[in-house]
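Student: Could we go through this model together, one question at a time? I would like the cut-offs spelled out as we go.

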Amino acid sequence: MSNFYSDADFKPLSLMSLLLSIVSVILVSFLLFVPLPQDTRHTMLGIDTAICALFLFQLSLDCYRSKLRLRYLKVHALDFLASLPGIEFFRYIRLLHIIRIFLMLRSRKKIGQQILENPKEATVATIFTLLIILLCLGSSLMLLFEENAPNTNIHTAADALWWSIVTISTVGYGDHFPVTFAGKVLASVLIVCGVGIFGMISGLLASIIATPHDKQNAQYKSNLEQILNQQQQLLDKVDRLEKKIQRQGNNETPDNKKGIE
């Protein structure tokens, strides 16, 4: 496995791309093979472009963190190609990425170790993944529930997406709202999930503020090692001085001792 993967491939943001790749392939399949209204196509293209932006960010970050960047670019060249927005058919290349991620999941120990070593990155990956999935599912289901309902005010995919964003953010402008029972249940679920997501964001920000920066940690460790080294040097000098005094005491002659008496 080491011949095909680097440590960057096991980072939480890399694992995030598994679910987003599945969502991206589903979106593109609808765009290419299902006749959709023009506004629905535009909305789905917007979501696909946002996912592509996340893919490019994740790939660029992993390439920067990789020790063998040129090799990383060669291995992930197709992933970069599949992440180009506006070329929907290229998104099917991500099926290879999905297969590669599933093969990586066999190394559960290493994945778990990376998550434990990078809790902040794991939180960021979870937030992005939940946001994309909730927006896609929430807007799709809400449009399905409300589009043909009497007295509905959610008529298009753009309306449903806007409603999902407002609901997840717990703002609730009230310009769009569900009128069916299923829509209200869905709204309740999204509100609870939105509160949880923003709670995760608040915890992440608090952790970033409270936790010392990596450079500060490195400086602290360096100062501590320097103090410990100086302390050890002093102990060595004291030990040598004690041994010298002991040798001088043992080398005293009996005549010297009598003279002292």
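Student: Is C193 buried, partly exposed or exposed?
Tutor: Buried means under 20% relative accessible area, exposed means over 50%, and partly exposed is in between (1.4 Å probe, protein chains only). C193 has a relative accessible area of 27%, so the class is partly exposed.

Student: And what is the class of C136?
Tutor: The relative accessible area of C136 is 10%. Because that value is under the 20% limit, C136 is buried.

Student: How many disulfides does the whole structure hold?
Tutor: A disulfide here is a pair of cysteine sulfur atoms within 2.5 Å. Searching the whole structure for such pairs gives a count of zero.

Student: What kind of model is this, and how are its residues numbered?
Tutor: This is a predicted model, where local features need pLDDT of at least 70, side-chain atom pairs count only at pLDDT 80 or more, and totals for chains, interfaces and linings use all residues. Side-chain values use heavy atoms, with hydrogens and water left out, and residues are numbered along each chain as its sequence is written, from 1.

Student: How far is L131 from C193 in space?
Tutor: L131 is found in helix α7; helices are DSSP runs (H or I, at least four residues) and strands are E runs of at least two, numbered from the N terminus. In sequence, L131 and C193 are 62 residues apart. From C-alpha to C-alpha, their distance in space is 9.3 Å.

Student: Which residues does L131 touch beyond its sequence neighbours?
Tutor: L131 counts as partly exposed, at 25% relative accessibility. Contact means heavy atoms within 4.5 Å. Not counting residues up to four places away in sequence, L131 touches I168 and I197.

Student: Which helix gives the largest share of the largest nonpolar core?
Tutor: A nonpolar core is a set of buried Ala, Val, Leu, Ile, Met, Phe, Trp, Tyr and Cys residues joined through side-chain atoms within 4.5 Å. The largest one has 15 residues, and L20, V23, L27, I47, I51 and I132 have the most contacts inside it. At least two residues each come from α1 (12–33), α2 (38–65) and α7 (119–146). The largest share, six residues, is from α1.

Student: Where does this core lie relative to the domains?
Tutor: The domain bounds come from an automatic or database domain assignment. Residues of this core come from both domains, so it lies between domain 1 (11–108) and domain 2 (119–238).

Student: Which residues is I132 in contact with?
Tutor: Neighbours within four places in sequence are left aside here. With those set apart, the contacts of I132 are L20, V23, I51 and L54.

Student: What are the helix contents of residues 81–103 and 124–145?
Tutor: Both spans are among those covered by the "transmembrane region" annotation in an unreviewed UniProt entry; positions follow the numbering used here, feature names are shortened, and annotations may be inferred rather than shown by experiment. The end C-alpha atoms lie 21 Å apart for residues 81–103 and 31 Å apart for residues 124–145. Helix makes up 52% of residues 81–103, and for residues 124–145 it is 100%.

Student: Which loop holds N151, a non-glycine residue with positive phi?
Tutor: N151 has a phi of about 60°. The residue is exposed, with a relative accessible area of 74%. Its loop is the one between α7 and α8 (157–168).
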